[in-house]
Amino acid sequence: MKDSVAILGGGLAGLTLGSLLHNKNIPFRIYEKDELAGGIARTEHLDAFKYDMGAHRFHNRDPKLTRWVTELLQGSIIEVNKKSAISRFGTLIDFPLSPLNLITQAPLSKSLIYSLSWITRRTDKQDNLKDFAISRFGKALAQDFILDYSHKLWGKPPEELSLELGSARLKQLDFPTLIKEIIHNKRANNRHIDGQFLYPIGGFGEIPRQLSSLFDRDQLYVNNTILSIKEHGRYFDVTTQQGMFKHKYLVNTLPLDKFATLYDNVTHFPHELFQYRHLMAVFLTLNQRQISPHVSLYFPEPSHTFTRAHEPRNRWQGMSPQGKTSVLLEIPMSEPWKASPQIADQAIEEFCNTGLIEKNSILNRKEFWAPYAYPIITNSCTAPRAAFLKSLESNNKVFCLGRNARFSYLHCHDIYKESLELCQKIENTYHISKSTSSLEQHTYNIHN
Ligand SMILES: Cc1cc2nc3c(=O)[nH]c(=O)nc-3n(C[C@H](O)[C@H](O)[C@H](O)COP(=O)(O)OP(=O)(O)OC[C@H]3O[C@@H](n4cnc5c(N)ncnc54)[C@H](O)[C@@H]3O)c2cc1C
């Protein structure tokens, strides 16, 4: 395996790249600490109920990508066309926002304030998430539906957050589109990221499960926590609790701060710039047929501990037994060690108080935490991030891939595209290096 690629981490990024290298006959090995690969994209179960580690969907923007995932899952994937909703003013408001729905659900005074603040909004400043949201929606609407939520989700004031987060979450969502809807009396904006999507039968985790099944035992090492990475001349020594393995190339998919402590070649890492948000999740199984028809419910109000609740059976009905449903509450945290059963109790209490479920309908519960759910992309980290990644990757032997390793708000479809590009890069480097080695060998043979 000396000339092969070490892929650090068996989440979607590592598995996707592995499947592409596998097709190109380029030797590689994926090192994954857990017993099952899949990382944050896994599907787990509690009794007869299944759940994803967070509210996942496969965004079908690109026909090539849709073909790839459909073939991978042998057609076991469905199209879902259901709305999400935002909890505000004690009611549920459609998300993506729809003016018809907003006008009928929000207090009339609020609708007038939203219109007025949109007319008087500033559009010249768009340096951060706050300015970006205000320039699109006006201050009042942005505050109630975007900014409070963003602050809760990322744990930072939106004026410190990068514009990148806005363009990823608020794509094709703006006030003029809302107005067009009023004029045409229909939803004009079904291309928003929260609209229609694909969902694997069996749960989102079917994607990493099927990817894992493509590999032989030598290609995917589970239960292998990486303990250190040392560079020795042309090779990297990757040490796990199972032994030490030599590789010529490294693809890191681990969070940057973890990688920096493992890799001996990183001498300085600015921890304060590269921070992550973790999730504590509370999964409840319910003796109730349905909570709402929505795929996700968003809770921007600071009085709720959780930011989002999703009902797995609204993505695929087999996620819970017939006549029963379940819900997963997401609680973002900066310090995962602060996760506690008391926080879960509080979240359950608050969710019951919304009137969406009855306490006595709870059958079972499970708390778990999903570490490194989101990189907190602030304006002050974007330039250092580019410099750090450039210095890591400058030798064409170390590469970073995935949401946490690139410190970028990537979704699975982005990861697939980046994996394709990286596979091509590795293929080129690998073949050049192969022909150089055989040329060196040939020269050696002539001279000896
Ligand atoms: C709540 C939530 C909702 C999301 N919703 C969507 C969605 O709807 N659609 C979408 O496309 N994307 C969504 N995403 C994003 C998507 O889940 C991620 O982009 C993707 O799963 C990231 O994959 P990854 O391989 O980069 O990282 P990870 O899944 O974090 O994989 C990293 C892997 O490295 C392993 N590891 C860590 N340390 C070590 C070590 N020392 N040694 C060995 N292995 C190690 C971990 O166990 C893990 O398996 C969502 C993410 C979250 C958190």
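The residues of the shell around the ligand divide into 15 nonpolar, 12 polar and seven charged. In this predicted model, 34 residues surround the ligand, and at least three of them come from each of domain 1 and domain 3. Beyond the ligand, the points below walk through two open sheets, one of three strands and one of seven, and a pair of helices whose axes cross at roughly 120°.

**Around the ligand**

- The closest residues to the ligand are Gly9, Gly11, Gly39, Gly54 and Gly402.
- Three elements each supply at least two residues of the shell: helix H1 (12-23), strand E18 (362-375) and helix H13 (412-447).
- Domain 1, one of the domains that contribute at least three residues to the shell, is built from the segments 5-44, 62-75, 201-274 and 379-435.
- Domain 3, which also gives the shell at least three residues, covers 276-375.

**The three-stranded sheet**

- The strand order in this open sheet is E10-E11-E12, and the pairing is antiparallel.
- Strand E10 (226-232) and strand E12 (243-247) are the edge strands; each has a single partner strand, so one side of each has no neighbour in the sheet.
- On average, and ignoring direction, neighbouring strands here are turned by 20° against each other.
- Six bridges link E10 and E11 in the antiparallel sense, and one example to look for is Lys230, whose bridge partner in E11 is Asp237.
- E10 and E11 also form a hairpin with two residues between them. In its turn you will find Gly233, which has a positive phi of about 55°.
- Further along, strand E11 (residues 235-240) is joined to E12 by five bridges, and these two strands run antiparallel. Here Thr239 has Met244 of E12 as its bridge partner.

**The seven-stranded sheet**

- This open sheet has the order E7-E6-E15-E16-E17-E14-E18, with mixed pairing.
- Its edges are strand E7 (91-95) and E18; since each has a single partner strand, one side of each is left without a neighbour in the sheet.
- E18 therefore has a place in two parts of this briefing, as an edge strand of the sheet and as a supplier of at least two residues to the ligand shell.
- Neighbouring strands are turned by 25° against each other on average, again with direction ignored.
- Within the sheet, strand E15 (residues 296-298) and strand E16 (residues 308-310) run antiparallel and are joined by three bridges. Leu297 stands opposite Ala309 of E16.
- Helix H11 (residues 341-353) lies across strand E14 (276-286), E16, strand E17 (325-333) and E18. The helix runs at about 60° to E14.

**A pair of crossing helices**

- Helix H4 (residues 108-119) and helix H6 (residues 139-154) have axes that come within 6 Å and cross at roughly 120°.
- That crossing angle makes H4 oblique to H6.
- On the H4 side, the contact is made by Ile113, Tyr114, Ser117 and Trp118. On the H6 side, Lys139, Ala140 and Leu141 take part.
- By type, the residues of this contact divide into five nonpolar, one polar and one charged.

How values were computed: Residues numbered from 1 in each chain as written. Predicted model: local features only at pLDDT ≥ 70, side-chain atom pairs only at ≥ 80, totals over all residues. Near = placed C-beta within 6 Å. Helix = DSSP H or I, 4+ residues; strand = E, 2+ residues; numbered from the N terminus. Nonpolar A, V, L, I, M, F, W, Y, C, P; charged D, E, K, R; others polar. Domains from an automatic or database assignment. Pairing = 2+ DSSP bridges. Axes fitted to C-alpha atoms, helices over the stretch in contact; angles between N-to-C directions. Parallel < 35°, antiparallel > 145°, perpendicular 65-115°, else oblique. Contact = placed C-beta atoms within 7 Å.
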